[in-house]
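Subject: Structure handover

Hello,

Here is the structure we talked about, with the sequence alongside. My notes on what turned up in it follow below.

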Amino acid sequence: MTENLPADVAAALEAMLDTERPVHVALRRQLPHLSVLSRCSCGCGTAFFEVRIAEVEPAPTGPGTVVAAEAQIVTDAGEHPGEVLVFTRAGYLSWLEVCSWSDDIEVSLTAAGTSLRPY
């Protein structure tokens with residue numbers, strides 16, 4: 001379902017978009033039609049998307065920009081150095097943002113010893 005996405009982005013979206021909430025189910029339907037336009041140059045993993053909107057319906061998120069999913073980044077030591085947010089615009093996946101709350105711990109989608117815990 002996410003073969004066309006980088007592994008770290010695909011794993012984050014799979015972890016954050018659950019299979020129970022109707023909005024998340026609709027967003028998951030967009031994954032096969034999603035590609036990454038660009039990535040943040042710092043290495044954090046932030047990714048900006050393009051959805052082939054002619055091939056898939058929008059999710060019922062509303063007309064503007066919405067945080068559709070969010071998760072804490074958790075280290076093996078139990079620390080919470082940041083979070084990941086999934087944004088939509090007009091019901092389509094728009095970007096995934098990696099946010100750091102720590103200067104001492106590497107925060108990225110691929111940092112060793114970290115996992116995502118959806119809120």
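Strands β4 (residues 82–89) and β5 run antiparallel and are joined by eight bridges. One pair in this set is V84 with V98, the latter lying in β5. Please keep in mind that this is a predicted model.

The two strands form a hairpin with two residues between them, and A90 in that hairpin has a positive phi near 50 degrees. A90 is not a glycine, yet its phi is positive, at about 50 degrees. A90 sits in the loop that links β4 and β5. Is A90 buried, partly exposed or exposed? Its relative accessibility is 42%, so A90 counts as partly exposed, given that the class runs between the 20% limit for buried and the 50% limit for exposed.

Strand β5 also pairs with a second strand. Two bridges connect β5 to β2 (residues 47–51), and these two strands run antiparallel. Here F48 has W95 of β5 as its bridge partner.

How many of the nine residues of β5 are buried? For β5, which spans residues 92–100, the number is seven, so the strand is largely enclosed by the rest of the structure. Buried here means under 20% relative accessible area.

Now for the protein overall. It has two helices and six strands, and the order from the N terminus is α-α-β-β-β-β-β-β. The radius of gyration is 14 Å, close to the 14 Å that the globule rule gives for 119 residues, so the protein is as compact as a globular protein of that length. Along the principal axes, the C-alpha atoms fill a box of roughly 45 × 30 × 25 Å.

Of the 119 residues, 45% are buried. Among contacts with a separation of 6 or more, 55% are between residues 24 or more positions apart.

On the surface side, the protein exposes about 6200 Å², of which carbon and sulfur atoms supply 52%. As for charge, there are 7 positive and 16 negative side chains. The centres of these two sets lie 7 Å apart.

To recap the part around β5: the strand has eight bridges to β4 and two to β2, and seven of its nine residues are buried. A90, in the loop between β4 and β5, is partly exposed.

Regards

Conventions:
Residues are numbered from 1 along each chain as its sequence is written. This is a predicted model: local features need pLDDT of at least 70, side-chain atom pairs count only at pLDDT 80 or more; totals for chains, interfaces and linings use all residues. Side-chain values use heavy atoms; hydrogens and water are left out. Buried means under 20% relative accessible area, exposed over 50%, partly exposed in between (1.4 Å probe, protein chains only). Helices (H or I, at least four residues) and strands (E, at least two) are DSSP runs, numbered from the N terminus. Two strands pair if DSSP finds at least two bridges between them. The radius of gyration is taken over C-alpha atoms; the globule rule is 2.2 Å times the number of residues to the power 0.38. Contact means heavy atoms within 4.5 Å. Accessible areas come from the Shrake-Rupley method with a 1.4 Å probe; for residues, only the protein chains shown count as cover. Lys and Arg count as positive and Asp and Glu as negative; His and the chain ends are not counted. The place of a charge is taken as NZ of Lys, CZ of Arg, CG of Asp or CD of Glu.
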